[in-house]
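Here is my note on this model, point by point. Please keep the structure open as you read.

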Amino acid sequence: MRFHVLTLFPQILDGLNTSITGRALDKGVLSVNAVNIRDFTNSKHLKVDDYPYGGGAGLVMQAQPVCDAYDSIIESIGKKPRVVYMTPQGHTFNQKMAQDFAKEDDLVILCGHYEGIDERALNLIVTDYVSIGDYVLTGGELPAMVMIDAISRLVPGVLNNEESARTESFCDGLLEYPQYSRPYEYKGMKVPDVLLSGNHGKVDEWRHEQSLERTKKIRPDLYERYVKEHPEEFETGSGKNNLRRNVDET
Ligand code: SAM
């Protein structure tokens, strides 16, 4: 998958060159093409921002360099890809959106700075408005990296163990179960015996119960949605599914 990041501060993206994303970039499974918007300004003084019409604090990134930088991407890849503008005014990023974006071969991510970007540039090029949460950061580069990281883990070949991307929190609508590693006993606390039983069915059942329990406690909103979407699991009475439970029992 190829990410094209429109930014005034391409060096911030260097953080992706480490760990799992770094390895995927080395392998060529991913690429991050950081396009410096400043390289496309028509201004003699390399200006890319100006005061907002109507007054007010701060500076606004101008439309011309943003749109010309975007055109350079279209020219190099020969098609019009989706363009995500990182903005606190967007839809809040989640795992489902990561799965959706991971289907793209090319994804353009536009990072604002200062007071943001001239609305006309946004109207011309942006297809998706995405926020990483209800707070305001100084620029879109960290949000872009958050999104790239989450999407990358879903691209085949990025994780060594594809299974982990399928069992992690949010993939099935629940938070993940607790994890343990060696030693068996640490500061008097032992690993739950079922995990040493070698019985995969029992381990899966225990993990699912734990996922339900902690989702209900920590994220009741997710839990309620899960119950609605999996009514068969919560029906009372006998059935083939040995996980059937009464909602009140969990
Ligand atoms: N004036 C803008 C507003 O009130 O909506 C905020 C501008 S912010 C200081 C500068 C840039 O940081 C934005 O253009 C956006 O790219 C990025 N940004 C800030 N907070 C963000 C968030 N929560 N999610 C995604 N991007 C964010």
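1. In which helix is Leu222 found? Leu222 sits in helix α8. Keep in mind that this is a predicted model. Leu222 counts as buried, because its relative accessibility is 8% and the cut-off for buried is under 20%.

2. Now look at the surroundings of Leu222. Leaving out residues up to four places away in sequence, Leu222 touches Phe170, Gly173, Leu175 and Thr215. Lys190 is another matter. Leu222 and Lys190 are 32 residues apart in sequence, and their C-alpha atoms are 29 Å apart in space.

3. Leu222 also leads to a pocket. The second largest pocket has a volume of about 420 Å³. It is lined by 15 residues, and the closest to its centre are Lys96, Phe170, Gly173, Leu222 and Arg225. Two elements, α3 (95-101) and α8 (220-229), give two or more residues each to this lining. The largest share comes from α8, with five residues. By class, the lining of the second largest pocket has six charged, five polar and four nonpolar residues.

4. Next, the largest pocket. Its volume is about 490 Å³. The lining has 25 residues, and those closest to the centre are Tyr85, Met86, Thr87, Pro88 and Gly116. At least two lining residues come from each of β5 (82-92), α4 (119-125) and β7 (128-131). Which element gives the most to this lining? Strand β5 does, with five residues. The lining of the largest pocket divides into 13 nonpolar, 10 polar and two charged residues.

5. Step back to the whole chain. The protein chain has nine helices and nine strands. Its C-alpha trace spans about 75 × 40 × 40 Å along the principal axes. The radius of gyration is 23 Å, whereas a compact globule of 250 residues would have a value near 18 Å. Of the 250 residues, 39% count as buried. Take the contacts between residues at least 6 apart in sequence: 70% of them join residues at least 24 apart.

6. Leu13 is worth a stop. It lies in the loop between β1 (2-7) and α1 (19-27). Is Leu13 buried or exposed? Leu13 counts as buried, because its relative accessibility is 5% and buried means under 20%. Setting aside neighbours within four places in sequence, Leu13 is in contact with Val5, Thr7, Glu141, Met145 and Ile148. Leu13 and Ala24 are 11 residues apart in sequence, and 15 Å separate their C-alpha atoms.

7. On to the cysteines. A disulfide is a covalent bond between the sulfur atoms of two cysteines. How many disulfides are there by the distance rule? The count comes to zero. Why does Cys67 have no such bond? The closest cysteine sulfur, in Cys111, is 15 Å from the sulfur of Cys67, so it is too far for a bond. The cut-off is within 2.5 Å. Cys67 is buried, with a relative accessible area of 12%. Cys171 is partly exposed, at 25%.

8. Check the backbone too. Most residues other than glycine have a negative phi, and most peptide bonds are trans. Leu46 has a positive phi of about 60 degrees, although it is not a glycine. Leu46 is in the loop between β2 (31-36) and β3 (49-50). It is partly exposed, with a relative accessible area of 47%.

9. Tyr114 belongs in the backbone check as well. Its phi is near 55 degrees, a positive value in a residue other than glycine. Tyr114 is found in the loop between β6 (106-111) and α4. The relative accessible area of Tyr114 is 35%, so Tyr114 is partly exposed.

10. Last, one peptide bond. What kind of peptide bond joins Arg182 and Pro183? It is a cis bond, with omega about 5 degrees. Pro183 lies in the loop between α6 (162-167) and β8 (185-186). Find this loop in the view and look along the bond between Arg182 and Pro183.

Note on methods. Residues are numbered from 1 along each chain as its sequence is written. This is a predicted model: local features need pLDDT of at least 70, side-chain atom pairs count only at pLDDT 80 or more; totals for chains, interfaces and linings use all residues. Side-chain values use heavy atoms; hydrogens and water are left out. On a 1 Å grid over the protein atoms alone, a cavity is a set of points where a 1.4 Å probe fits but cannot get out, and a pocket is an open set with protein on both sides within 12 Å along at least five of seven lines; lining residues have an atom within 4 Å of a point. Grid points are joined across faces, edges and corners, and a volume is the space filled by probe spheres set on the points. Helices (H or I, at least four residues) and strands (E, at least two) are DSSP runs, numbered from the N terminus. Ala, Val, Leu, Ile, Met, Phe, Trp, Tyr, Cys and Pro count as nonpolar, Asp, Glu, Lys and Arg as charged, and the others, Gly among them, as polar. Buried means under 20% relative accessible area, exposed over 50%, partly exposed in between (1.4 Å probe, protein chains only). Contact means heavy atoms within 4.5 Å. The radius of gyration is taken over C-alpha atoms; the globule rule is 2.2 Å times the number of residues to the power 0.38.
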